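Visitor: Could you give me a close look at a single pocket in this model, and then relate it to the other spaces and to the helix packing elsewhere in the chain?

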Amino acid sequence: MTGSEKSITYSSTRGCPSQKSISFRTAVMRGLAHDRGLFVPDSFPTVSPEELESWRNLSYADLATEVIGKFVKDDEVPRDVLEGIVKKSCGAFRSEDVTPLVKVEGHYVLELFHGPTFAFKDVALQMLGNFFEYFLSTGSNDGRLAVLGATSGDTGSAAIYGLRGKKGVDCIILYPNGRVSEIQERQMTTVPDDNIHCVAVEGTFDDCQDIVKASFANQEFRDRVKLGAVNSINWCRVLAQTTYYFWSYFRVTDAEKDVKTVNFSVPTGNFGDILAGYYSKRMGLPVGDLIVATNENDILHRFFTKGEYHREDIQATISPSMDICVSSNFERYLYHLAGDDSTTLANWMSAFESTGKLTISGKMLDKARADFKSARADTDNTLKIIRRYNSDHEYMLCPHSAVGVDAVHQLNTANSATVCLATAHFAKFGDACSKAVDPLPAIPTQLSKLWSMKIRSSNCPNDAKVVQAFMEKRIEERIAKHVARDERKKVMKNVVLVSAAVGALAMAVSALRRR
C-alpha cells in the first residue's frame with residue numbers, strides 16, 4: 001500500500017446529495033445518514049486469488065488489518081494506528097484465534113462467542129469502540145459522542161463492553177423490558193462505569209429501534225448531544241465482521257483440500273452479519289451459498305421465498321435476538337438489489353414505511369434468490385437440534401445458533417464445505433436450552449458471577465421525547481460530575497504544589513539558619 005491510495009467513500013442508500021461521498025471517519029461517527037438512509041460503499045475493493053492466497057497464514061488480527069485496509073487507507077487511519085486498533089480489539093478475546101472453527105456432524109461451526117460478552121457482536125463492537133476513541137482523540141465531534149443503541153439482547157452488552165470507560169463517550173442502550181434473557185440484562189446492567197446508561201423501554205425491540213431512528217431524524221437533538229450509532233446500521237460493524245468470513249474460508253480449505261467454495265448459514269435478525277458475508281463475496285472471496293436462517297419471525301424467509309417483505313407482529317421465541325419484524329440492515333441489500341439506485345430504494349422504503357409491505361417478483365426475485373437461500377426453524381425444530389447435538393456430539397448450541405444449524409439440514413448442505421455461525425454461548429440462554437438439555441453443562445464463571453453483582457437500570461415509556469430528555473439529563477449529570485472531579489484534581493494538584501513549595505522554602509530557611 002502506498003500513501004497516495006485513497007480510502008473508499010460512502011453514500012446514503014436514499015440519495016440525499018449532502019450524504020454522498022462521505023469519509024469513513026464521518027460514516028462511523030454519524031452512524032445513520034441524515035436522510036435516514038444507511039451508508040454503503042461507493043465502490044468495492046477486490047481481492048485477487050493471488051492476494052487472497054497470500055493472506056492464508058496470517059493471524060486473525062493481521063488478516064483483519066488486511067481486510068479492513070482494503071477500505072481504509074492512510075488518508076483516514078494511518079496503517080500503524082489501524083494495526084494497533086485491530087490488535088487491541090482482538091486482545092479482548094479468550095481465544096488466540098478470536099473466532100475458532102470446529103467440525104461437528106460433518107459440517108463446521110464458527111464459534112463467535114469468545115469475546116467479553118460471549119456473543120458474536122463483540123467482534124465488531126470491540127473494534128467500533130476503539131475506532132470511536134481514536135476519532136474522538138483526533139478532532140471528531142469536539143471530543144464528545146452520545147451513542148444511542150437499541151438491543152434485542154446481545155448488541156447492548158457488547159456495545160457497553162466496547163464503550164465502557166471510553167473518554168468523551170456516553171453510551172445509552174434501550175432494550176425491551178421483559179423481552180431479553182435475564183443473563184443478557186445482567187450483562188448490561190452490572191457494568192458500573194458512569195458513562196453507561198441502560199434503559200428498559202415498555203415495548204418491543206422494534207419500538208426501541210423506532211426511538212433510535214426518530215432521535216437521529218431530529219436534527220436539533222442529534223446535533224445538540226452529538227449523537228452516534230452503535231447498532232448494526234453502523235458501517236464499521238459490518239466491515240469488522242467481514243474478516244471472519246475470510247478467516248473461516250481459510251480454515252475450511254486448509255482442512256478440506258477438495259473444497260473450493262464455502263457455504264455459510266447465518267442466524268439472521270437485523271441482516272448485518274450475513275450482509276458482511278455478501279460483501280466478502282463481492283470482494284472476491286469464494287463463497288457458495290449464503291443461507292438466511294430465521295425463527296418464527298420470518299420476514300426475511302418470506303422475502304427470499306415469495307418476494308414478500310411484509311411486516312407482521314413479533315412472536316416471542318426462545319431465540320429473542322432474532323425476534324425482529326423489520327431488519328434494519330436489509331435496506332443496504334435492497335439498495336444493491338435495485339441496482340444501486342437510490343431513487344428506487346427511497347420509493348420502496350417510503351411505501352414500506354407507510355404500508356408495511358414491499359413485494360418483488362420476476363427477475364428481481366430471481367436475483368434475490370441467486371444471492372441468498374433461506375430457511376425457517378420453529379421452536380420445536382430448534383430444541384430438537386440442541387438436544388441432538390448435545391446427545392450425539394456433546395456440543396451445546398445456543399437457540400440462535402441452532403436455527404442456523406437446522407437450516408443447513410433442511411437445505412441438505414450439512415457437509416464439509418459449510419460453516420454455521422454460532423452467534424452466542426449457550427449459557428446466555430440457559431432457560432431456553434434447559435428445555436432441550438437438563439441438566440445443562442456448567443456455565444463460565446464470568447457469567448455465573450453476574451448474579452452477585454449490583455445492577456443499574458432506568459425505566460422509560462415507549463416515547464422518543466421522554467427517552468431524549470432522559471439522555472440529556474444523564475449526560476449533563478455525568479459531564480458535571482467529571483468537571484467537578486477535574487476541578488478537585490486541579491485543586492489537589494495546586495495544594496500539593498504549594499505544600500511542596502512551602503516545604504522546600506522551610507528547608508531552605510532552616511539551612512540558612514544552621515549557617
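Guide: Helix α8 gives the most to the lining of the second largest pocket, namely four residues. The model under discussion is a predicted one. The second largest pocket holds about 360 Å³ of space. Its lining has 21 residues, and those nearest the centre are Lys 213, Val 326, Met 349, Phe 352 and Glu 353. Two or more lining residues come from each of α8 (205-217), α13 (330-337) and α14 (342-355). By class, this lining comprises nine nonpolar, four polar and eight charged residues.

The largest pocket offers a useful counterpart. Its volume is about 500 Å³. It is lined by 28 residues, among which Val 180, Ser 181, Glu 182, Pro 320 and Phe 429 are the closest to its centre. At least two lining residues are supplied by each of α7 (182-189) and α18 (430-433); α18 gives the most, with three. The lining of the largest pocket divides into 15 nonpolar, seven polar and six charged residues.

Helix α18 also leads to a detail of the backbone. The loop between α18 and α19 (445-448) contains Pro 439. The peptide bond that joins Asp 438 to Pro 439 is cis, and its omega is near 5°. A second backbone detail concerns Glu 105, in the loop between β3 (101-104) and β4 (107-111). Although Glu 105 is not a glycine, its phi is positive, at about 50°.

Enclosed spaces come next. Three cavities of 30 Å³ or more are found in a search of the whole structure. The largest of the cavities contains about 250 Å³ of space. Of the 24 residues that line the largest cavity, Phe 120, Lys 121, Gly 269, Asn 270 and Ser 321 lie nearest its centre. Helices α6 (154-163), α10 and α11 are the elements that give two or more residues to this lining. Its composition by class is seven nonpolar, 13 polar and four charged residues.

The second largest cavity holds about 60 Å³ of space. Its lining consists of Glu 296, Asn 297, Asp 298, Ile 299, Arg 302, Glu 312, Asp 313, Gln 315, Ile 324 and Cys 325. Five of these residues are charged, three are nonpolar and two are polar.

Two of the helices at the largest cavity, α10 and α11, are also packed against each other. Two packed helices are described by the angle between their axes and the distance between the axes. For α10 and α11 (residues 272-283), the axes come within 8 Å and cross at roughly 65°. The crossing is right-handed. On the side of α10, the contact involves Trp 235, Val 238, Gln 241, Thr 242, Tyr 244, Tyr 245 and Phe 246, while α11 contributes Gly 272, Asp 273, Ile 274, Leu 275, Ala 276, Gly 277, Tyr 279, Ser 280 and Met 283. These residues fall into ten nonpolar, five polar and one charged.

Helix α10 (residues 235-255) has a further partner in α3 (residues 60-69): their axes come within 9 Å and cross at roughly 120°. The two helices are therefore oblique to each other. Here too α3 passes α10 in a right-handed crossing. From α3, Tyr 60, Leu 63, Ala 64, Val 67 and Ile 68 meet Leu 239, Thr 242, Thr 243, Tyr 244, Phe 246, Trp 247 and Phe 250 of α10. The contact has ten nonpolar and two polar residues, and no charged ones. Thr 242, Tyr 244 and Phe 246 of α10 appear in the contact with α3 and also in the contact with α11.

A third helix pair is formed by α4 (residues 79-90) and α5 (residues 121-137), which pack at an angle of about 140° with their axes 8 Å apart. That angle makes α4 oblique to α5. The crossing of α4 over α5 is right-handed. Val 81, Leu 82, Ile 85, Val 86, Lys 88 and Ser 89 of α4 make the contact with Gln 126, Met 127, Asn 130, Phe 131, Glu 133 and Tyr 134 of α5. By class, seven of the contact residues are nonpolar, three polar and two charged.

To return to the pocket of the request, its lining draws two or more residues from each of α8, α13 and α14, with α8 giving the most.

Methods
Residues are numbered from 1 along each chain as its sequence is written. This is a predicted model: local features need pLDDT of at least 70, side-chain atom pairs count only at pLDDT 80 or more; totals for chains, interfaces and linings use all residues. Side-chain values use heavy atoms; hydrogens and water are left out. Axes are lines fitted to C-alpha atoms, for helices over the stretch in contact, and angles run from 0 to 180 degrees between N-to-C directions. Angles under 35 degrees count as roughly parallel, over 145 as roughly antiparallel, 65 to 115 as roughly perpendicular and the rest as oblique. A crossing is left-handed if the near helix is turned anticlockwise from the far one by less than a right angle, and right-handed if clockwise. Contact means heavy atoms within 4.5 Å. Ala, Val, Leu, Ile, Met, Phe, Trp, Tyr, Cys and Pro count as nonpolar, Asp, Glu, Lys and Arg as charged, and the others, Gly among them, as polar. On a 1 Å grid over the protein atoms alone, a cavity is a set of points where a 1.4 Å probe fits but cannot get out, and a pocket is an open set with protein on both sides within 12 Å along at least five of seven lines; lining residues have an atom within 4 Å of a point. Grid points are joined across faces, edges and corners, and a volume is the space filled by probe spheres set on the points.
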